[in-house]
Structure formats: C-alpha cells, structure tokens
Amino acid sequence: QRMSGTSMACPHVSGICALILEAAPNWNKDYKERCAAVKFLLKTTAKPLAYTADECGVGLVNAKEAIEAVEEDLHA
C-alpha cells in the first residue's frame, strides 16, 4: 500500500533528526542552535524533486548526506 503526506513524512524526518543528534552528541550549541543546525542540515542535504515547494517542501530528506555533513562539521 502506498501512503504519502505529512503523516508519513513526520516519523521519517523525526528519525533522521534523532540520527543527526546522535551523530553529534558533543555539539557545542544550545537548544535553539541545535534545532536550527538540524533544520539547516535537513534542508541543505535534501535531494531536490521536480515539484513545487508547496507540493514537496525542499525535497527528499537524505539521512546519509545529513549525517556525513555532521561528521565533517565535527572534524573540521
């Protein structure tokens, strides 16, 4: 069965957020900065799709790219 929409996207994105935070347990940021950093990573590492922002936001989340970006940031 195929399902779509925010009710399907939310658990996937939440899981990726948890993975990002797990990859950076010692991020030297306060709560608001961590939230902003996670949001930035999700948006900048998403794969663009051939739809408008109203139809799909910034695109398809990419957990691998987001975690790799965290690891690069921590080792920079």
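Let's start with burial: a residue is called buried under 20% relative accessible area, exposed over 50%, and partly exposed in between, using a 1.4 Å probe and protein chains only. By that yardstick T44 is partly exposed, since its relative accessible area is 46%.

A word on the ground rules. This is a predicted model, where local features need pLDDT of at least 70, side-chain atom pairs count only at pLDDT 80 or more, and totals for chains, interfaces and linings use all residues. Residues are numbered from 1 along each chain as its sequence is written, and side-chain values use heavy atoms, with hydrogens and water left out.

**The overall picture**

The protein has four helices and zero strands, where helices (H or I, at least four residues) and strands (E, at least two) are DSSP runs numbered from the N terminus. Read from the N terminus on, that gives α-α-α-α. The C-alpha trace spans about 40 × 20 × 20 Å along its principal axes. Of the 76 residues in the protein, 18% are buried.

As for the surface, the accessible area adds up to about 5900 Å², and carbon and sulfur atoms own 56% of that; the areas come from the Shrake-Rupley method with a 1.4 Å probe, and for residues only the protein chains shown count as cover. If you call it a contact when heavy atoms are within 4.5 Å, then 41% of the contacts between residues at least 6 apart in sequence join residues at least 24 apart.

On charges, Lys and Arg count as positive and Asp and Glu as negative, with His and the chain ends not counted. Each charge is placed at NZ of Lys, CZ of Arg, CG of Asp or CD of Glu. The mean positions of the 8 positive and 10 negative charges turn out to be 5 Å apart.

**Helix α2 and its two threonines**

Helix α2 covers residues 31-45, and T45 sits in it. T44 lies in helix α2 too. While T44 is partly exposed, T45 is buried, because its relative accessible area is 14%. T45 touches N62, E65, A66 and A69, leaving aside residues up to four places away in sequence.

Both threonine side chains have a backbone oxygen to talk about. A polar contact here is a pair of N or O atoms within 3.5 Å; within protein, one must be able to donate a hydrogen and the other to accept it, and residues adjacent in sequence count only if both atoms are side-chain atoms. For T45, a polar side-chain atom is 2.5 Å from the backbone oxygen of L41. For T44, the partner is the backbone oxygen of F40, at 2.8 Å.

R34 is also placed in helix α2. Setting aside residues up to four places away in sequence, R34 touches L21, A24, P25, W27 and K29.

**Ends and loops**

Q1 belongs to the segment before α1 (6-23). Q1 is exposed, because its relative accessible area is 92%. T52 is placed in the loop between α2 and α3 (53-56), and T52 counts as partly exposed because its relative accessibility is 44%.

Here are some C-alpha to C-alpha separations for residues discussed above.

| Pair | Apart in sequence | C-alpha distance |
|---|---|---|
| Q1 and L19 | 18 residues | 27 Å |
| R34 and A63 | 29 residues | 17 Å |
| T44 and E68 | 24 residues | 12 Å |
| T52 and A24 | 28 residues | 32 Å |

**What about the cysteines?**

How many disulfides are there, if a disulfide is a pair of cysteine sulfur atoms within 2.5 Å? By this rule the count is zero. C10 is in no disulfide, and its nearest cysteine sulfur, that of C17, is 9.0 Å away. C10 itself counts as partly exposed, because its relative accessibility is 47%. Why is the sulfur of C17 not bonded to the closest cysteine sulfur, in C35? The two sulfurs are 8.8 Å apart, which is too far for a bond.

Note on methods
Disulfide = S-S within 2.5 Å.
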